[in-house]
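Work through the exercises below with the sequence and the coordinates at hand, attempting each task before reading its solution.

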Amino acid sequence: MKYEVINRGDRVSAELANTFHRLAADEQLAHDPAEPDIVVSIGGDGTLLHAFHQYVHRIEQTAFVGIHTGHLGFYADWKPEELEDLVRCMGRESALDEKIVKYPLAKVQITNESETQSFLALNECTLRGFESTLVAQLRVNDEDFEMFRGDGICISTPSGSTAYNKSLNGALIHPSLETIQIAEIASINNRVYRTLGSSMVLPRHHHCDIYPRAGRNIVLTIDHLNVDIGNFRSIRCQVAESKVRFVRYRPFPFWNRVKEAFIGDLLD
Ligand code: NAP
Ligand code: MN
């Protein structure tokens, strides 16, 4: 078993990373930053987003697992005290495939005059107006849908539905559903301008194209990254063919994570 550890860089996470390397050597795990089977992320969900994009070229070969050094995360759902258990599981489990869960990703294709660039998002892709309102034509499955005016549009994956999408009042989607969700960021609605107002969930094999009005500055993000693609003509979003793989040595159901992260135990 080959592994790599990515940590957030704070003192606690860095120390845990050192402990991990020490214990991993005892378990005969090979430290291989170039071709890891498992990438262990120590920090928060944001750290796992970094780890994902660092190894996105190995999407079919590398699986992820996250330890949280702050609050419980959705991707970072192992406690620091469980570090030793995790190393032991990684050392003993031979059939890694049986311990893998796969979550859907969003494929984002950005087209300018001459080329199309493709990206994968683990949480979401957002499109926002910069210094002015975003004005964009939305097409769903090659049919005109609406002319959007407002701050922006957020297209999230199921596992990203608990992140930015949740702040926009989007629905939380179980990651066993292969979908993308389109949520509005402060749309303008009055007698002249009209948008749907609700968020929409698209299944696999559907796609949404966004054509921003020319001449306006736009900020495009994929997860924590600002993507600088210059003047682009359109963006296509759909459920990606590839999925992200997480190592699940023990169950921690999605709805339990939702409850622990957002509700807690107020009644106790
Ligand atoms: P950040 O500003 O530190 O992250 C914002 C918060 O989102 C952090 O508390 C982060 O958790 C949490 N988060 C990330 N992925 C999540 C998920 N799948 N489910 C639930 N919470 C999640 O920036 P960052 O750490 O680089 O993360 C980038 C993400 O921030 C973006 O993908 C976007 O989803 C989110 N974001 C949210 C808003 C908003 O809610 N208004 C605005 C911008 C961006 P950790 O503290 O564990 O890292
Ligand atoms: Mn963060």
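**Exercise 1.** Which of the 16 residues around ligand 1 come nearest?

*Solution.* The model is a predicted one, and in it ligand 1 is surrounded by 16 residues, of which Asp-45, Gly-46, Glu-124, Thr-162 and Ser-167 come nearest. Sorting the residues of this shell by character then gives five nonpolar, eight polar and three charged.

**Exercise 2.** Describe the polar contacts of ligand 1, taking pairs of N or O atoms within 3.5 Å, and state how much of the ligand's area the protein buries.

*Solution.* Begin with the oxygen atoms of the ligand: a polar backbone atom of Gly-46 is 2.9 Å from an oxygen atom of ligand 1, and a polar side-chain atom of His-71 lies 3.1 Å from an oxygen atom of ligand 1. Turn next to nitrogen, where a polar side-chain atom of Thr-162 is found 2.6 Å from a nitrogen atom of the ligand. Finally, consider the surface: ligand 1 taken alone exposes 820 Å², and the protein buries 62% of that.

**Exercise 3.** Which elements give two or more residues to the shell around ligand 1, and why does the ligand lie between the two domains?

*Solution.* The elements that do so are helix H2 (45-54) and helix H4 (164-167), with H2 giving three residues, the largest share of the shell. The domain assignment gives domain 1 (2-93 + 249-262) and domain 2 (105-241); because both domains give residues to the shell, ligand 1 lies between them.

**Exercise 4.** How many residues of domain 1 are in contact with domain 2, and which three residues supply 41% of the area that domain 1 buries there?

*Solution.* The centres of the two domains, taken over C-alpha atoms, are separated by 29 Å, while 13 residues of domain 1 are in contact with 18 residues of domain 2. The area buried between the domains is about 1300 Å², and carbon and sulfur atoms give 78% of it. On the side of domain 1, His-53, Tyr-75 and Phe-254 supply 41% of the area buried against domain 2, more than any other three residues.

Definitions and conventions. Residues numbered from 1 in each chain as written. Chains lettered and ligands numbered in written order. Predicted model: local features only at pLDDT ≥ 70, side-chain atom pairs only at ≥ 80, totals over all residues. Heavy atoms only, no water. Near = heavy atom within 4 Å. Polar contact = N/O pair within 3.5 Å; in protein donor to acceptor, adjacent residues only side chain to side chain. Areas by Shrake-Rupley, 256 points an atom, 1.4 Å probe, with all protein chains shown as cover. Helix = DSSP H or I, 4+ residues; strand = E, 2+ residues; numbered from the N terminus. Nonpolar A, V, L, I, M, F, W, Y, C, P; charged D, E, K, R; others polar. Domains from an automatic or database assignment. Contact = heavy atoms within 4.5 Å. Buried area = accessible area lost by both parts, 1.4 Å probe.
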